[in-house]
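Reader: I would like a close look at one part of this structure, with its surroundings explained as you go. Please begin with a single residue and work from there to the strand you find best suited to a detailed account.

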Amino acid sequence: MKTAKGIFFLWVLCGLGACTPRALLTAHPPETTRQTETRQLDVAPAEPKTISMLAVGDNLYHASMIREGEEGDYASAYAELRPLIEAADIAFVNQETLLAGKAFGFSGYPRFNSPQKLGQALAEVGFNVINHATNHVLDKGEKALLATMDFWDTFPHITVLGIHRSPEARSQPKLLKKNNITVGFLSYTYGTNGFPLPADKPHLVSLIDTEIMAREIEALRPLCDFLVVSMHWGEEYVHEPSEEQKKLATFLAAQQVDVLIGHHPHVIQPMEYIQRPDGKWMLCFYSLGNFISAQVRAPRMLGAMAYLKIEEGAGEERFVLLEAGAIPLVTHYEKEFVGFKVYPLYAYTEALADQHRMNQQKKELTLDYLQSLASKVFGDKEIKHNPFAP
Ligand SMILES: [Zn+2]
């Protein structure tokens, strides 16, 4: 394999489909090498080096959410998740809508442009990887896309994915490094809602194109220990991955991708491990659903946060995926579309559900409904606690 480092995922057990992230953690065998390194009693054993990552789906700002944000603030919608986002080394969000500024007019569906204060809030709560390769990225034309890039330029610590000013900018590797572990990112969208890319600027948005993807992955793969590919894809409102998604996932596994983060269907789809031709495994989250939105059907209220923790092991098999799973999330709002807030499902209560706008006429968004849907889709890969808590 061309990659410099062998990446060994400790999910051989999981490949059999039977382990939860907790089980993964306890199944992690004591590493003899580490024990050998600590044989001198006067030397304290080194802490294992780890890097943690979370990812959430569509941050989809409708007009009612803009109204509420402008009257109050944007960060409070994320307050319940802030401790997790702040604790993660890498926090990824799929920013579904443009942040082009007031000059382009703020708008919700169908051609979105959200206030830049929303972007400031994402940065404030701790997101550091923002994806813009979505079907809405050309909603307000090329100038609005460039203005969105200008906005993010004012946050040098944030990595923006999927949109590029020039071919040179596009070929610059997107890497995040911590504790000697380097994570690389690429991102693609299936399309741009019929708004074509300018003929002379195909570099502006990363579109799904297996030839280009293979080339870009080949260039990035040797530069990182762990490769994450974000995919805006799939059929809206469908809980099962499409044949096209499965085909592309197989293709990405063949390119030695380590983790695939999927979004766009607005509902959750399963996560699974796909074996790569080199015998290792790619972790695939087919769809994380909505992060937050003002959509109105019950299945769209349940999103998910992908969680994973990578540890530097010993020897040639240097990197181990120590824990991985999906934390279901609930989009909460009340009365006439106010009080927008995302909750982890493990912290959501029947009393909150009673307040949800979805339950004003008849109660359909029960805790039981949400829990059943989460376990139906994620099975034993669902995480029901804060994995960052000590
Ligand atoms: Zn989308």
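Author: Leu98 is the residue to begin with; its place is the loop that runs between strand 3 (90-95) and helix 6 (116-125). The model is predicted. Although Leu98 sits in a loop, it counts as buried, because 29 C-beta neighbours lie inside 10 Å and 20 are enough. Beyond residues up to four places away in sequence, Leu98 touches Phe112, Asn113 and Ser114, then His136, Val137, Asp139 and Lys140, and also Ala144, Leu145 and Thr148. Thr148 is 50 residues away along the chain, yet the C-alpha atoms of Leu98 and Thr148 are separated by 6.3 Å.

A residue in a helix can be set beside this one. Ile85 belongs to helix 5 (residues 82-87). It is buried because 20 other C-beta atoms lie within 10 Å, and the cut-off is 20 or more. Its contacts, leaving aside neighbours within four places in sequence, are Leu54, Ala91, Val125, Gly126 and Phe127. Between the C-alpha atoms of Ile85 and Leu54 there is a separation of 7.4 Å, with their positions 31 residues apart along the chain.

Gln360 is a case of the opposite kind. This residue is found in the loop between helix 11 (350-355) and helix 12 (367-378). It counts as exposed, because it has 12 C-beta neighbours inside 10 Å and exposed means 12 or fewer. Gln360 and Lys335 are 25 residues apart in sequence, with 7.6 Å from C-alpha to C-alpha.

Leu54 leads on to the nonpolar core. The largest such core has 107 residues, and Leu54, Leu260, Leu283 and Ala306 are those with the most contacts inside it. Strand 14 (residues 317-334) supplies the largest share of this core, ten residues. Ala306 is in contact with Leu54, Ala55, Ile261, Phe285, Leu288 and Ala326, once neighbours within four places in sequence are set aside.

Leu260 and Ile261 are in strand 9, the part to examine in detail. Five of the five residues of strand 9 (residues 259-263) are buried, so the rest of the structure largely encloses this strand. Both of its faces are covered: Val259, Ile261 and His263 are buried on one side, and Leu260 and Gly262 are buried on the other.

The partners of strand 9 come next. Strands of a sheet pair through backbone hydrogen bonds, in either the parallel or the antiparallel sense. Strand 8 (residues 226-232) pairs with strand 9 in the parallel sense, over five bridges. In this pairing, His232 stands opposite His263. Strand 11 (residues 281-288) also pairs with strand 9 in the parallel sense, over three bridges. There, Leu260 stands opposite Cys284.

These strands belong to an open sheet of six strands, with the order 6-7-8-9-11-10 and mixed pairing. Strand 6 (174-178) and strand 10 (268-275) are the edge strands, each pairing on one side only. On average, neighbouring strands of the sheet are turned by 15° against each other, direction ignored. Helix 10 packs on the sheet and touches strand 8, strand 9, strand 10 and strand 11; the direction of this helix makes about 150° with that of strand 11. Helix 10 (residues 243-254) also joins with strand 8 and strand 9 to make a right-handed β-α-β unit.

The chain as a whole gives the setting. It has 390 residues, of which 46% count as buried, and its secondary structure comes to twelve helices and 15 strands. Of the contacts between residues at least 6 apart in sequence, 73% join residues at least 24 apart.

Confidence should be read along with these details. The mean pLDDT of the chain is 89, and 87% of its residues reach 70 or more. Over residues 1-41, however, the pLDDT is below 50; this stretch has 69 contacts in the model beyond near neighbours in sequence.

Key. Residues numbered from 1 in each chain as written. Predicted model: local features only at pLDDT ≥ 70, side-chain atom pairs only at ≥ 80, totals over all residues. Helix = DSSP H or I, 4+ residues; strand = E, 2+ residues; numbered from the N terminus. Pairing = 2+ DSSP bridges. Right-handed = clockwise from strand over helix to strand, strands pointing away. Axes fitted to C-alpha atoms, helices over the stretch in contact; angles between N-to-C directions. Contact = placed C-beta atoms within 7 Å. Core = buried A, V, L, I, M, F, W, Y, C linked by C-beta atoms within 7 Å. pLDDT = per-residue confidence, 0-100.
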